[in-house]
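Biologist: I would like a close look at a single part of this model, explained slowly enough for a first-year student to follow. Could you choose one place and work outward from there?

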Amino acid sequence: MKSQFTSLITVFPVKDVEASLVWYRRWLGEPDSIPMEGIAEYQVTETAWLQLTQEEGNPSSLILGVDDINKVREDLVGKGLKPSDIMDWEVVLTCQMEDPDGNTISFAQEVL
């Protein structure tokens, strides 16, 4: 069954796409696509997208796997963002941050 899937899209509800894009541009730069008014999309991996959708809704979450969590956190801080401290869960190192609408972006590095 899994082989049927070709991509993944995570949808984050935001109150105002244009206002949210100010924050997302600091992190990811310009959106890869603005398919219609009220929607902006970022391609975060070859087959995974993050879609900002202007709509009412509960905050959502996304976990991105990374190779070097220290570098990722350092890059985020350098862009003026506020990720959490790195937490060591023995099998994975994580840190996270929230966008202005309360959506959570977590970063995880497996510990081998």
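**A close look at Asp 68**

Modeller: In this predicted model, Asp 68 is partly exposed, because its relative accessible area is 37%, and that value falls between the limit of under 20% for buried and the limit of over 50% for exposed. Asp 68 is found in the loop that lies between strand S5 and helix H2, the helix made of residues 69–78. From this loop, the side chain of Asp 68 reaches the backbone nitrogen of Lys 71 at 3.1 Å, and a polar atom of that side chain also lies 3.2 Å from the backbone nitrogen of Asn 70.

Turning from the loop to the strand before it, S5 belongs to an open sheet of 4 strands, whose order is S5-S8-S7-S6 and whose pairing is mixed. Strand S5 (61–65) and strand S6 (87–88) stand at the edges with a single partner strand each, so one side of each is left without a neighbour in the sheet. The pairing of S5 with strand S8, residues 104–110, is in the parallel sense and runs over 5 bridges; Gly 65, for instance, has Ala 108 in S8 as its bridge partner. In general, the strands of a sheet pair through backbone hydrogen bonds, either parallel or antiparallel.

Helix H1, residues 17–28, lies across S5, S8 and strand S7 (92–98), and H1 runs at about 20° to S8. As for distances from the loop, Asp 68 and Met 97 are 29 residues apart in sequence, while their C-alpha atoms are 16 Å apart in space.

Definitions and conventions:
Residues numbered from 1 in each chain as written. Predicted model: local features only at pLDDT ≥ 70, side-chain atom pairs only at ≥ 80, totals over all residues. Heavy atoms only, no water. Pairing = 2+ DSSP bridges. Helix = DSSP H or I, 4+ residues; strand = E, 2+ residues; numbered from the N terminus. Contact = heavy atoms within 4.5 Å. Axes fitted to C-alpha atoms, helices over the stretch in contact; angles between N-to-C directions. Buried < 20%, exposed > 50% of the residue type's maximum accessible area, 1.4 Å probe, protein only. Polar contact = N/O pair within 3.5 Å; in protein donor to acceptor, adjacent residues only side chain to side chain.
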